[in-house]
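Student: I would like a close look at a single part of this protein, the strand that holds a glycine with no exposed surface, but please set it within the whole chain before you come to it.

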Amino acid sequence: MNLHNKIKELTKNFHQEMIETRRYLHQHPEVSYKEFETTKFIKSKLDKLGIPYESPLETGCVGIIEGNKKSDRVIALRADIDALAMTEEGDFKKDFFSKNEGAAHCCGHDAHTSNLLGVARILMELKDEIEGTVLLVFQPGEEKLPGGGKLLCDTGFLQSKNVDAIYGLHTSPSHKPGTAAIRIGEFMASPDEIDIVITGKGGHAARAHEAVDPVVIASHFITAAQTIVSRSVDPTESAVVTIGKIEGGTAHNIIPEKVRMYGTVRTFSKDTKDLIEQRLHDLLKGITEAHGGGYSLEYRRGYPAVINSEAETMNVLETTQELFGNESAIEVERPSMAGEDFGFYQEIFPGAFFFVGSGSEESESTYVWHHPKYNVDDRFFLTAAPLMAALVLKK
């Protein structure tokens, strides 16, 4: 039996365990930087496998597998472990719904963690085939700034291990089970957060001429902000400016003092990011002054863009083809405007981030990330686990 067939056979043997692990984690979600019980659970699994680990951060850990073939080669595999602060829905998941109020694994991180634990089992069975060291990175806080990836990189732990390459994956409701999707270069955007306060002068709605209405000012700004991408950004650059939340007012007949707005900016280049931040200030200043109001803008720079290095990307594509056939490997034409803190690792190490198909109608798993009915088809593991294991074992 060749190595790839061994990997797939071991995956089938451990498939049910990965499903059960995912369902346990799904029932016990913990939000970013609070993953204490999740970390204990991961460590207990690593202990049973005889895999030592280190804890560079308060939550999460890094498992260390030393291969039986001596080499300086070090490959890191990353899974994020945190859940979202939300309430889930969906009949298909009723047997393993979240037991923790206000927290839910509606982005697939439970599957990522379960998968990496399954990969750990596979690799321990194949230690004679491993050259060098494999680092199993169970990372906290992917969903919340500043990002667990940044915090881990800031410790210098991975740098001290001289990592040669790092790989990460994400469930994809847009792709069917049995597929993996990736592209060289720009893959996921850099997501920034904006908090805006428009200040005016409150008053009675019947005497609007005596007030400065921040609701009207905010309305003008939101409309004007839509021209930033269409009229200020180079049309060959991808960018998004979205206002996602507005707060203002207390009653039908009261003009409030303030309106607050919250939004996101998505870009791939620093120049475009700088341009958009400046244009937001320009528009806010001009529009508020014209109406006699004022503003404040907090622009928080988020995760760097996920930029896949060529060699590692080709490794993912070729390994997928070798394992599952040419049609299983999908070269993505356009990058996603979603964000991922995996980009922090890629600023330091060569690396590739990819999607593995997890969406199907029969398992009600085609809802987008962060949807309250988000689910993962159990067949996800039959592709994700052998692919990650084979990336490590490929010469």
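Tutor: In this predicted model, buried residues make up 53% of the 395 residues in the protein chain. The radius of gyration is 23 Å, and this agrees with the value near 21 Å that a compact globule of 395 residues would have. Taken along the principal axes, the C-alpha atoms fill a box of roughly 80 × 45 × 40 Å. The secondary structure comes to 10 helices and 16 strands, and if we take the contacts between residues at least 6 apart in sequence, 80% of them join residues at least 24 apart. On the outside, the chain exposes about 17200 Å², of which carbon and sulfur atoms supply 49%. There are 42 positive and 58 negative side chains, and the centres of these two sets lie 2 Å apart.

With that background, we can turn to the part you asked about. G357 lies in strand β16, which runs over residues 351-357, and G357 counts as buried because its relative accessibility is 0%, where buried means under 20%. Leaving aside the neighbours within four places in sequence, G357 is in contact with S172, H175, K176, P177, T179 and F380. One of these partners, S172, belongs to strand β5, which covers residues 165-172, while another, F380, belongs to helix α10, which covers residues 380-393. A position farther off in space is M314, which is 43 residues from G357 along the chain, with 18 Å between the two C-alpha atoms.

The loop between β16 and α10 comes next, and two of its residues deserve attention. E361 lies in this loop and counts as exposed, because its relative accessibility is 63% and exposed means over 50%. E361 and K176 are 185 residues apart in sequence, yet from C-alpha to C-alpha they are 9.5 Å apart in space. K176 has already appeared among the residues in contact with G357, so that you can look at K176 from both the strand and the loop, as G357 touches K176 and the E361 C-alpha lies 9.5 Å from that of K176. H371 is found in the loop between β16 and α10 as well, and at 25% relative accessibility H371 counts as partly exposed. If residues up to four places away in sequence are not counted, H371 touches M86 and C106. By contrast, the C-alpha atoms of H371 and S230, which are 141 residues apart along the chain, are separated by 28 Å.

Some other places in the chain help to put this part in context, beginning with a helix. T38 is found in helix α2 and is buried, with a relative accessible area of 4%. Beyond the residues up to four places away in sequence, T38 touches L25, H28, E30 and I81. Just before helix α2, in the loop that follows α1 (3-27), we find Y33, which has a positive phi of about 70° although it is not a glycine. N162, in the loop between α5 (157-160) and β5 (165-172), also has a positive phi in a residue other than glycine, with a value near 55°. N162 is exposed, with a relative accessible area of 55%.

Another loop, between β4 (131-139) and α4 (148-155), holds P146. A cis peptide bond joins L145 and P146, and its omega is about 10°.

Finally, there are the cysteines. The count of disulfides comes to 0. C61 is in no disulfide, since the nearest cysteine sulfur, that of C153, is 16 Å away, whereas a disulfide needs two sulfur atoms within 2.5 Å. C153 is likewise in no disulfide, and the nearest cysteine sulfur to it is that of C61, at 16 Å. C61 is buried, with a relative accessible area of 2%, and C153 counts as buried at 8% relative accessibility.

To return to your request, the picture is of a glycine at 0% relative accessibility in strand β16, followed by a loop that holds the exposed E361 and the partly exposed H371.

Definitions and conventions: Residues numbered from 1 in each chain as written. Heavy atoms only, no water. Helix = DSSP H or I, 4+ residues; strand = E, 2+ residues; numbered from the N terminus. Rg over C-alpha atoms; globule rule 2.2 N^0.38 Å. Buried < 20%, exposed > 50% of the residue type's maximum accessible area, 1.4 Å probe, protein only. Contact = heavy atoms within 4.5 Å. Areas by Shrake-Rupley, 256 points an atom, 1.4 Å probe, with all protein chains shown as cover. Lys, Arg positive; Asp, Glu negative; His and termini not counted. Charge placed at Lys NZ, Arg CZ, Asp CG, Glu CD.
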